[in-house]
Amino acid sequence: MAALKPHFPPVRACLFDMDGLLLDTEDIYTLCNNIILRECNRPDLPWNIKAQLQGRPGPEAGEIFHAWAQLPIPRAEYIRKNTELQRKHFPSAQPLPGVPELLKTLTDKGVQLALATSSHTANFKLKTSHLQKLFKYFPEEQRVLGDDPRIPPGRGKPAPDIYLLALETINDRLRKQGKKEIKREECLVFEDSVPGVEAGRRAGMRVVWCPHPQLLKEYKGREKEVLAGLTNGEGDAQVKEVMEEAAVGGEGKGRGWPGRRDDGWAELLKSLEGFPYVRYGIGGG
């Protein structure tokens with residue numbers, strides 16, 4: 001992997017996805033869906049489809065899932081079953097390895113933090129109410145959720161809007177304090193999903209991609225494309241095929257600011273343990 005460009009300014013803000021990045025909730029989503037799929041005599045959710053669900057807003061992910069699953073039950077019944085399962089299992093969510101230490105160290109070193117998750121408010125509360133010590137690092141006004149009215153319809157990940165808004169929540173507070181605003185290139189986005197990496201790249205920010213091991217296996221040999229934010233075209237093609245087969249249809253999103261392979265703006269980390277603070281100008285930790 002090419003070294004990060006030396007002319008980057010030190011990172012002043014870190015913007016975090018949540019599901020599968022901070023918390024083990026991606027596995028819980030899979031568990032809930034597979035329980036229903038098995039009840040309906042359907043195969044477990046494969047990773048080539050799950051990869052297209054990750055990071056996207058719930059309604060959009062739902063359309064993709066149902067187009068693939070072809071469940072023999074009404075959509076309303078699926079939603080009821082899934083909601084019940086999520087209410088049961090989300091409160092057991094736990095931080096992924098290295099997360100508590102990372103958030104504490106960044107905060108201690110004066111790095112600004114914001115949350116940018118596609119989870120809607122109700123699910124966010126289910127996943128985090130028992131983890132207040134972890135989420136204290138994110139001020140309330142610097143938490144951008146999937147149902148935030150400031151994000152226009154159809155502008156969830158892989159569009160850059162959620163990360164641009166997350167940065168604005170930080171800069172709004174800095175302006176009120178009379179402090180220097182943070183530029184996009186001074187931001188580091190943390191993501192586990194492929195659409196999320198693209199969202200960060202299209203926002204003009206540096207990105208750390210820390211994927212689930214099964215997702216990394218799914219994209220073996222295409223890691224550089226993911227880091228450049230260039231894989232969503234292929235992903236959208238897969239989504240379109242599934243949607244067309246289900247006679248649902250689907251539209252692609254504008255690409256915004258594409259990256260280039262090996263351009264130094266993004267890095268793959270298999271774990272958030274032992275994060276390389278110095279590499280990002282944050283100092284030792």
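In the predicted model, the side chains of Lys-176 and Asp-172 form a salt bridge with an N to O distance of 3.2 Å. Both residues belong to helix α8, which spans residues 161-176, and they are four residues apart, or about one turn of the helix. This spacing accords with the general geometry of such elements, since an α-helix has 3.6 residues a turn, so residues three or four places apart point the same way. The two partners fall into separate accessibility classes: Lys-176 counts as exposed at 68% relative accessibility, whereas Asp-172 counts as partly exposed at 30%.

A further salt bridge, also with an N to O distance of 3.2 Å, joins the side chains of Glu-181 and Arg-175. Glu-181 is partly exposed, with a relative accessible area of 36%, and Arg-175 is likewise partly exposed, with a relative accessible area of 36%. Through salt bridges that share partners, Glu-168, Asp-172, Arg-175, Lys-176 and Glu-181 are joined into one network.

Across the whole structure, a search finds 22 salt bridges. One of them pairs the side chains of Glu-63 and Arg-75, with an N to O distance of 3.4 Å. This pair links distant parts of the chain, given that Glu-63 lies in helix α3 and Arg-75 in helix α4, twelve residues apart. Glu-63 is partly exposed, its relative accessible area being 30%, and Arg-75 is partly exposed as well, with a relative accessible area of 38%.

A charged residue without such a partner is found at Asp-192, located in the loop between β4 (187-191) and α9 (194-202). In general, side chains of opposite charge can pair when their charged atoms come close. Asp-192, however, is buried and has no salt bridge, the nearest side chain of opposite charge being that of Lys-157, at 6.6 Å; a salt bridge would require a side-chain nitrogen of Lys or Arg within 4 Å of a carboxyl oxygen, so the separation from Lys-157 does not meet the criterion. The side chain of Asp-192 does make a polar contact of 3.3 Å with the side chain of Gln-54.

The helix that follows this loop, α9, is mostly covered, with nine of its nine residues buried. Its buried residues include the charged side chains of Glu-198, Arg-201 and Arg-202, together with Val-194, Pro-195, Gly-196, Val-197, Ala-199 and Gly-200. At the N-terminal end, α9 is capped by Ser-193, a side-chain oxygen of which lies 2.9 Å from the backbone nitrogen of Gly-196. Beyond the helix, α9 is followed by Gly-204, whose phi is positive, near 80°.

With regard to open space in the model, the largest pocket has a volume of about 840 Å³. Its lining comprises 36 residues, of which Tyr-29, Gly-58, Asn-82, Gln-86 and Asn-123 are the closest to the centre of the pocket. Several helices contribute to this lining, with α1 (25-39), α2 (47-53), α3 (58-69), α4 (75-89) and α6 (121-128) each supplying at least two residues. Helices α3 and α4, which hold Glu-63 and Arg-75 respectively, are thus among the contributors to the lining of the largest pocket. Classified by residue type, the lining of the largest pocket consists of eleven nonpolar, 16 polar and nine charged residues.

How values were computed:
Residues are numbered from 1 along each chain as its sequence is written. This is a predicted model: local features need pLDDT of at least 70, side-chain atom pairs count only at pLDDT 80 or more; totals for chains, interfaces and linings use all residues. Side-chain values use heavy atoms; hydrogens and water are left out. On a 1 Å grid over the protein atoms alone, a cavity is a set of points where a 1.4 Å probe fits but cannot get out, and a pocket is an open set with protein on both sides within 12 Å along at least five of seven lines; lining residues have an atom within 4 Å of a point. Grid points are joined across faces, edges and corners, and a volume is the space filled by probe spheres set on the points. Buried means under 20% relative accessible area, exposed over 50%, partly exposed in between (1.4 Å probe, protein chains only). Lys and Arg count as positive and Asp and Glu as negative; His and the chain ends are not counted. A polar contact is a pair of N or O atoms within 3.5 Å; within protein, one must be able to donate a hydrogen and the other to accept it, and residues adjacent in sequence count only if both atoms are side-chain atoms.
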